[in-house]
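Please look through the structure shown here, and then follow the report below, which moves from one loop residue to the helices around it and finally to the chain as a whole.

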Amino acid sequence: MPRTAGPPLPRLLLALGMATLVFDVGSVYVKWPVFRRGLTVGDLLEVAGVLAVLLLYRAVTRALGDARGAPGAILAVAAIAYALGNGIHVAANSIHDMLDRTRLGDPWGLAGFWDEGVGHCLVDGARIAFAIGLTWLAARVPARPPEAAAGGDGGDGAVAAGGAAYGFLYFAAAVEGQTVPLALPFSIAYAVWSVASKSAPSRSAVVAFYRVAAWTSLFFLAVWGLWHRGFPEFSRTGFIP
């Protein structure tokens, strides 16, 4: 049965979307040096963001109820991949910055491989796994539970705002991390399923959150793709220094 303790599910989903956006964007733009040469506040934000976002995923899971079985296994793998991917990314990104600024070069392309390749793929793959695991878990919750029918106290607005923030970040991460081939098909599939499905889970707060996120990411991917006739990284178009 769903747990009743703790913040309501819509507020948790709002916090999840906002934290994902704030920490990821902050890690890119807040480049003030700190502690030692080559380390920035953005690097610390990325590390802190991993902890904050994983705790929010855990809180959402607990709000839905018992996560044993297949959904729990998927969520566990997602958490490991998310932490590992961000760890690889923050380390490789610092090394990549050092190689660029010192003009030492990277003849084997290892920094780029771990940064833009493995790190981003693990993180965006983890986000897909979280969506699948939480949606599966929502299927165990009775139709229209209190946390899914919280529109009267602003719950629907919180879920929509959180989903929009999450979806924008998903688009941004897919473009800058060049994981559009991974993110785009999943966003299309989730958006279509969540609208076409008449099952009880499709009416849950979790699915509403990911439905808004999917449509938001698709909108921005379409705009960016048509504008640039493809999906170049933000850093190659001047949006990121």
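## A loop residue and its surroundings

In this predicted model, Ala139 lies in the loop that runs between helix α4 and helix α5. Ala139 is partly exposed, with a relative accessible area of 42%, a value that falls between the 20% limit for buried residues and the 50% limit for exposed ones. Although Ala139 and Leu64 are 75 residues apart along the chain, their C-alpha atoms are separated by 9.6 Å.

How do the helices α2 and α4 lie relative to each other? Two packed helices are described by the angle between their axes and by the distance between those axes. The axes of α2, residues 41-64, and α4, residues 110-138, come within 9 Å and cross at roughly 15 degrees. Because angles under 35 degrees count as roughly parallel, α2 is described as roughly parallel to α4. The crossing in which α2 passes α4 is left-handed. On the side of α2, the contact is made by Leu54, Tyr57, Val60, Thr61 and Leu64, while α4 contributes Arg127, Phe130, Leu134, Leu137 and Ala138. Sorted by character, the residues of this contact comprise eight nonpolar, one polar and one charged.

On the other side of the loop that holds Ala139 comes α5, a helix of 22 residues, numbered 155-176. From its first C-alpha to its last, α5 reaches 32 Å, which is close to the 32 Å expected at 1.5 Å a residue. Of the 22 residues of α5, 16 are buried, so this helix is largely enclosed by the rest of the structure. Just after α5, Gln178 takes a positive phi of about 55 degrees.

A further residue to consider is Thr40, which is found in strand β2, residues 36-40. Leaving aside residues up to four places away in sequence, Thr40 touches Val30, Lys31, Trp32, Pro33 and Val34. The table sets the accessibility of Thr40 beside that of Ala139.

| Residue | Relative accessible area | Class |
|---|---|---|
| Ala139 | 42% | partly exposed |
| Thr40 | 7% | buried |

For the protein as a whole, there are seven helices and two strands, and from the N terminus on the elements run α-β-β-α-α-α-α-α-α. Of the 241 residues, 46% count as buried. Among contacts between residues at least 6 apart in sequence, 77% join residues that are at least 24 apart.

Conventions:
Residues numbered from 1 in each chain as written. Predicted model: local features only at pLDDT ≥ 70, side-chain atom pairs only at ≥ 80, totals over all residues. Heavy atoms only, no water. Helix = DSSP H or I, 4+ residues; strand = E, 2+ residues; numbered from the N terminus. Expected span 1.5 Å × (residues − 1). Buried < 20%, exposed > 50% of the residue type's maximum accessible area, 1.4 Å probe, protein only. Axes fitted to C-alpha atoms, helices over the stretch in contact; angles between N-to-C directions. Parallel < 35°, antiparallel > 145°, perpendicular 65-115°, else oblique. Left-handed = near helix turned anticlockwise from the far one by under 90°. Contact = heavy atoms within 4.5 Å. Nonpolar A, V, L, I, M, F, W, Y, C, P; charged D, E, K, R; others polar.
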